[in-house]
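I opened the notebook today to record what I looked up in this structure, taking one topic at a time.

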Amino acid sequence: MEPRRHSIAQDLFPDTLPPRPLPLFPELNSVKESALLALVDGAIRQSGFVRSWRLAAYVRFLKDDGWEIISREVAENGRTVAEYTLDLHDDATREAAARYRVRKGGA
């Protein structure tokens, strides 16, 4: 049985839940780090991610590391593709993204 994820929508008393740990930062110079850097800068699609043709896999790896990522389907050149963004409404993801920007020398 999979462990239950904390969800405000499903919990009667969300303020009583323990705080989620911050997401894990990926290994330096990895494809996963390139995906996170792209997400920290904004929305990303496979067509704009030149480091690998497996963006969806690396988004999944980041989700497994605790990053909350929103995916939505968008039209691009007559095709439907996935577009990914960090969920900055999630406190842990927002805080980790801010720390990551500072770590990488951004604003």
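What phi does glycine 66 take just after α2? I am working from a predicted model, and in it glycine 66 takes a positive phi of about 105°.

**Entry on positive phi outside glycine.** I then looked for positive values in residues other than glycine, and noted that asparagine 29 has a phi near 60°, while asparagine 77 has a phi near 50°. Asparagine 29 sits in the segment before α1, which covers 31-41, and asparagine 77 sits in the loop between β2 (69-76) and β3 (79-86). I checked the accessibility of each: asparagine 29 is exposed with a relative accessible area of 64%, and asparagine 77 is exposed at 75%.

**Entry on helix α2.** Which residues of α2 are buried? For this helix, residues 55-64, I wrote down Leu55, Ala57, Tyr58, Val59 and Leu62. What covers these buried residues includes α1, β1 (44-45), β2 and β3. As a reminder to myself, residues three or four places apart in an α-helix point the same way, because the helix has 3.6 residues a turn.

**Entry on the strands.** I followed the pairing next, and found that β2 and β3 run antiparallel and are joined by eight bridges, with isoleucine 69 standing opposite leucine 86 in β3. These two strands form a hairpin with two residues between them, and asparagine 77, with its positive phi, is in the turn. β3 also pairs with β1, again in the antiparallel sense, over two bridges, and here isoleucine 44 stands opposite tyrosine 84 in β3.

**Entry on salt bridges.** How many salt bridges are there? The count comes to seven, and I looked at several of them in detail.

Arginine 45 forms a salt bridge with glutamate 83, and the closest N and O atoms are 2.9 Å apart. This pair links distant parts of the chain, since arginine 45 belongs to strand β1 and glutamate 83 to strand β3, 38 residues apart. Is each partner buried or exposed? Arginine 45 counts as partly exposed because its relative accessibility is 23%, whereas glutamate 83, at 11%, counts as buried; the cut-off that I applied for buried is under 20%.

Within helix α2, the side chains of aspartate 64 and arginine 60 meet in a salt bridge at 3.1 Å, N to O. Both residues lie in that helix, four residues apart, or about one turn. Aspartate 64 counts as exposed at 52% relative accessibility, and arginine 60 counts as partly exposed at 44%.

I found a corresponding entry to make for helix α3, residues 91-103, where glutamate 95 and arginine 99 lie four residues apart, about one turn of the helix. Their salt bridge brings the closest N and O atoms to 2.9 Å. Glutamate 95 is partly exposed, with a relative accessible area of 39%, and arginine 99 is partly exposed as well, at 45%. Finally, I noted that salt bridges that share partners join Arg45, Arg72, Glu76 and Glu83 into one network.

How values were computed
Residues are numbered from 1 along each chain as its sequence is written. This is a predicted model: local features need pLDDT of at least 70, side-chain atom pairs count only at pLDDT 80 or more; totals for chains, interfaces and linings use all residues. Side-chain values use heavy atoms; hydrogens and water are left out. Buried means under 20% relative accessible area, exposed over 50%, partly exposed in between (1.4 Å probe, protein chains only). Contact means heavy atoms within 4.5 Å. A salt bridge is a side-chain nitrogen of Lys or Arg within 4 Å of a carboxyl oxygen of Asp or Glu. Two strands pair if DSSP finds at least two bridges between them.
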